[in-house]
Amino acid sequence: MQITNNNGELNLVFYVENSIDSGIRKIADKVRLDIQRVTGAMPEYAENLNAIQGNIVIFANPDNSPTIRKLEMEKKIDLTNVRGKREVYSFSVMDTPIFELSGIKSAIVICGSDKRGLIYGLFHISELLGVSPLVDWADILPVKRQSVTFDSSMNIVTQEPSVRYRGFFINDEWPATGNWCNKRFGGFNAQMYEHVFELLLRMKGNYLWPAMWSGRFSDDGPGLANAELADELGVVMGASHHEPCCR
């Protein structure tokens with residue numbers, strides 16, 4: 001599969017089904033932005049398989065996707081090592097037509113065993129493009145390319161992480177981080193935490209202890225927006241120091 005920018009239009013679309021989770025859609029948006037950072041053009045979304053011509057990215061959890069179930073039933077993909085696992089994904093590049101009577105030329109098919117598995121699988125596209133996990137947090141931009149090639153040598157099925165909870169702790173956040181958050185976002189709210197969660201998930205983490213000197217994670221969203229965003233993006237939240245019972 002060769003992805004090319006043709007005068008601002010990309011020969012790639014992201015296929016989304018009605019069952020797609022809102023958090024997965026947010027991550028797909030970030031990956032589409034990564035593709036634009038590299039190629040100069042952003043892939044569009046498509047909702048009708050029959051109308052797609054050319055290259056496609058299909059991404060879903062198997063149990064929520066009629067498309068993935070169809071591919072599995074037709075033995076186009078093998079999800080034996082994905083189903084029932086924790087934070088696992090399969091990444092498959094298929095250069096032969098995968099649907100009859102379809103204009104799809106080639107496809108990247110990403111299947112996650114659960115929400116985090118699918119998120120990691122989507123960010124695997126960014127890794128293959130050479131996008132740093134720090135692209136958002138530290139403005140480390142990738143090398144620009146007119147075209148990008150994906151092939152079956154990149155196909156993988158990951159294993160379950162050997163460490164169940166992996167993440168970091170926003171510790172001693174005053175004055176530097178606190179002043180920065182107040183100036184940029186108005187506090188330790190969901191706007192700020194979306195950037196933290198993005199970094200965490202790009203690094204295949206899943207766990208965060210939030211800022212706590214002056215902050216209350218579940219109240220500062222405003223309201224429950226922080227906690228709702230963590231749930232939407234599949235981030236496990238703990239607490240620290242004087243709140244050990246909430247770890």
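## Surroundings of Asn-61

Leaving aside residues up to four places away in sequence, Asn-61 touches Gly-112, Ser-113, Asp-114, Lys-115 and Leu-118. The model is predicted. Asn-61 sits in the loop that runs between strand 5 (53-60) and helix 2 (66-73).

Is Asn-61 buried or exposed? Its relative accessibility is 15%, and buried means under 20%, so Asn-61 counts as buried.

## Polar contacts of the Asn-61 side chain

Two of the residues touched by Asn-61, Gly-112 and Asp-114, also take part in polar contacts with its side chain. At 2.7 Å, the Asn-61 side chain reaches the backbone oxygen of Gly-112. The backbone oxygen of Asp-114 is reached by the side chain of Asn-61 at 2.9 Å.

## The two sides of helix 4

Helix 4 spans residues 176-185, and its buried residues are Gly-178, Cys-181 and Phe-185. Why do they lie on the same side of helix 4? Around the axis they cover an arc of only 75°, which puts them on the same side. The exposed residues Ala-176, Lys-183 and Arg-184 are on the other side of helix 4.

## Cover and end of helix 4

Helix 5 (190-202) is included in what covers the buried residues of helix 4. Those buried residues include Phe-185, and residue 185 is also where helix 4 ends. Gly-186, just after helix 4, takes a positive phi of about 85°.

Conventions:
Residues numbered from 1 in each chain as written. Predicted model: local features only at pLDDT ≥ 70, side-chain atom pairs only at ≥ 80, totals over all residues. Heavy atoms only, no water. Buried < 20%, exposed > 50% of the residue type's maximum accessible area, 1.4 Å probe, protein only. Helix = DSSP H or I, 4+ residues; strand = E, 2+ residues; numbered from the N terminus. Arc of directions from axis to C-beta. Contact = heavy atoms within 4.5 Å. Polar contact = N/O pair within 3.5 Å; in protein donor to acceptor, adjacent residues only side chain to side chain.
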